[in-house]
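Subject: Structure for your review

Dear colleague,

Please find below the structure that I am handing over to you. I would be grateful if you would read the notes that follow it with the model open on your screen.

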Amino acid sequence: MKARIAGAEINYDVQGDGPALLLLHGFPCDLTTWQPQVEALASAWRVVRFDARGFGASPPGDGALTMERIADDAAGLLDHLDLGQAVFIGLSMGGYAGFAFVRRHAERLRGLVLTNTRALPDDPEARRRRAELAEQVRQRGVEAAAEAFLPKVVGDTTRRDNPALVERLRATMLGASRQGVIDALAGLAARADSRPTLREIAVPTLVISADEDGISPPDEARAMQAAIPGSRVAILPRAGHMSNLENPAAWNAAVLAFLRELR
Ligand code: MLT
């Protein structure tokens, strides 16, 4: 389905009924990376997912895809669906957008799941690498981004035992638009330091990392949890950065337990 939000066409999907969950995918992926969660959560919740501008079936927007832009599109989608509040679930880039959502739309939050994400901004070296990758994407297309990210986003267990998942992720990444990837790299590089936001989070929060995640490792998740009042943390086994896909049983169990308490 498509919604017109702040001048952009946003592709989204809604499954199930009940209180709303709003799922935000990572870079450079799309809403299909939440499929195992739709199956697990939609019997008791209204599961809303959308493609960030330039990913999946949402065309690119206009300029850098900032985390604030994604957060505002998320709030716009809640308006479009006439939903007052939702539990916001963001993976990696989706989590960065979650911090922006806390700063800009806190009244729309019923709870928060920050999965495989980090509060730290890019350092100068990371910004340089993003600019370099954006140039490669400009020249060679989104293959350059898939080549750069695929080896980093899955853990050793997945690489060894689940090559089919790696291939599915490659196909997803190749489905992003060139301009969307370039715009998101600019937005990721420019994102704010969200550490000061952590203590402002006033809703029940679950922080998730996984023991093979080298991008947003367990220690950073524990540090975030310690800074978010009343939050909890789950470190999942046998998974890397895409923990919801690599170990969906453990991810779904942790989130379902959290959501049950929230209700
Ligand atoms: C993601 O999964 O969204 C990316 O790893 C985020 C990033 O590159 O910082």
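The notes below describe the ligand and its surroundings, and then two pockets.

Please keep in mind that this is a predicted model.

The ligand

I suggest that you begin with the ligand. Which residues are around it? They are Gly26, Phe27, Ser92, Met93, Tyr96, Arg130, Phe149, Ile215 and His241. By character, this shell consists of 5 nonpolar residues, 3 polar residues and 1 charged residue. Arg130 is the charged member of the shell.

Three of these residues place a polar atom close to an oxygen atom of the ligand, and you may wish to find each pair in turn. In Ser92, a polar atom of the side chain lies 2.9 Å from a ligand oxygen. For Met93, the atom concerned belongs to the backbone: an N or O atom there is 2.9 Å from an oxygen atom of the ligand. Arg130 takes part through its side chain, where an N or O atom is 2.8 Å from a ligand oxygen. Taken on its own, the ligand has 270 Å² of accessible area, and the protein covers 95% of this.

The largest pocket

Where does the ligand sit? The space that it takes is the largest pocket, which has a volume of about 530 Å³. In total, 24 residues line this pocket. Those nearest its centre are Ala126, Arg129, Arg130, Phe149 and Lys152. Two of these names, Arg130 and Phe149, also appear among the residues around the ligand.

Several helices contribute to the lining. At least two residues come from each of α3 (93-105), α4 (124-140), α5 (143-153) and α8 (178-189). Helix α4 provides the largest share, with 6 residues. The lining as a whole is made up of 12 nonpolar, 4 polar and 8 charged residues.

The second largest pocket

The next pocket in order of size has a volume of about 160 Å³. Its lining is formed by Thr32, Thr33, Pro36, Asn162, Leu165, Arg168, Leu169, Thr172, Leu245 and Pro248. Which helix gives the most to this lining? It is α7, which spans residues 163-174 and supplies 4 residues. Sorted by character, the residues that line the second largest pocket are 5 nonpolar, 4 polar and 1 charged.

Yours sincerely,
A colleague

Notes: Residues numbered from 1 in each chain as written. Predicted model: local features only at pLDDT ≥ 70, side-chain atom pairs only at ≥ 80, totals over all residues. Heavy atoms only, no water. Near = heavy atom within 4 Å. Polar contact = N/O pair within 3.5 Å; in protein donor to acceptor, adjacent residues only side chain to side chain. Areas by Shrake-Rupley, 256 points an atom, 1.4 Å probe, with all protein chains shown as cover. 1 Å grid on protein atoms, 1.4 Å probe; cavity = no way out; pocket = protein on both sides within 12 Å on 5 of 7 lines; lining within 4 Å. Sits in = over half its atoms within 2 Å of the grid points. Points joined across faces, edges and corners; volume = space filled by probe spheres on them.
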